[in-house]
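Trainee: Could you take me slowly through one part of this structure? I would like to look closely at the pocket and at the parts around it.

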Amino acid sequence: GVSNFQRTHLEDLLNDPNVRHKPVANSVEWHPMYHDSELREFCEGRGITLTAFGSLPDYTRPSAAVGGNGRGGGGGAGGAKAKKARDVLERVAKGQRHVRGTTGATVAQVTLRWATLRGVPVIPRSKSPEHLAQNVASPDLKLSDEELTAIDGLRVKSGAKKVYNPH
């Protein structure tokens, strides 16, 4: 697999006759405010699974002090966008109906479920057994088309921040 490859880098790699093994995975940052659906579709069409890291940035955590960089901390316009994202995710979480009949969800659960419903496997990390259990329960959530579209609309950036440059 590869990490943080954009379409142009993948095209170079896939078209290189000297490359014997084509990648089967491309790991990129992916969360409601930072995702690239076009890259996911490109990868999918070539048998490459786009996997997510950084799926639970600060604005998805219960104690998030949302700030300027969209990830918590600081101030400014990024903070306003992160606050909006948090508000949308909280509204979706509160209205959840689990397949097991329970109600309510965490913002993290909604975020993880949104990614998997968009075809992106996530690899969340947590040191807390409670959070690990919550993460595992995220597939129980049923997000409506309207909720998915609302979360999609939180995107303020697309593509990878750290871009591999093979040249």
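Mentor: What follows is a look at the pocket, then at a helix that helps to line it, and then at the sheet.

Please keep in mind that this is a predicted model. The largest pocket holds about 560 Å³ of space, and 22 residues line it. If you want to find its centre in the view in front of you, look for L56, P57, T60, R61 and R125, which are the lining residues that lie nearest to that point. Two elements, α4 (107-117) and α5 (129-137), are the ones that give two or more residues to the lining of the largest pocket, and of these α5 gives the most, with three residues. When the lining is sorted by class, it has eight nonpolar, eight polar and six charged residues.

Let us now follow α4 away from the pocket lining and turn to its packing against another helix. α4 packs with helix α6, residues 145-152, at an angle of about 100 degrees, and the axes of the two helices are 11 Å apart. Because angles of 65 to 115 degrees count as roughly perpendicular, α4 is described as roughly perpendicular to α6. On the α4 side the contact is made by V110, W114 and L117, while on the α6 side L148, I151 and D152 take part. By class, this contact of α4 with α6 has five nonpolar residues, no polar ones and one charged residue.

Finally, there is the sheet, which is an open one of three strands in the order β1-β2-β3, with parallel pairing. Its edge strands are β1 (2-3) and β3 (49-53), each of which pairs on one side only. Strand β2, made of residues 25-29, pairs with β3 in the parallel sense over five bridges, and if you would like one position to check for yourself, N26 stands opposite L50 in β3.

How values were computed
Residues are numbered from 1 along each chain as its sequence is written. This is a predicted model: local features need pLDDT of at least 70, side-chain atom pairs count only at pLDDT 80 or more; totals for chains, interfaces and linings use all residues. Side-chain values use heavy atoms; hydrogens and water are left out. On a 1 Å grid over the protein atoms alone, a cavity is a set of points where a 1.4 Å probe fits but cannot get out, and a pocket is an open set with protein on both sides within 12 Å along at least five of seven lines; lining residues have an atom within 4 Å of a point. Grid points are joined across faces, edges and corners, and a volume is the space filled by probe spheres set on the points. Helices (H or I, at least four residues) and strands (E, at least two) are DSSP runs, numbered from the N terminus. Ala, Val, Leu, Ile, Met, Phe, Trp, Tyr, Cys and Pro count as nonpolar, Asp, Glu, Lys and Arg as charged, and the others, Gly among them, as polar. Axes are lines fitted to C-alpha atoms, for helices over the stretch in contact, and angles run from 0 to 180 degrees between N-to-C directions. Angles under 35 degrees count as roughly parallel, over 145 as roughly antiparallel, 65 to 115 as roughly perpendicular and the rest as oblique. Contact means heavy atoms within 4.5 Å. Two strands pair if DSSP finds at least two bridges between them.
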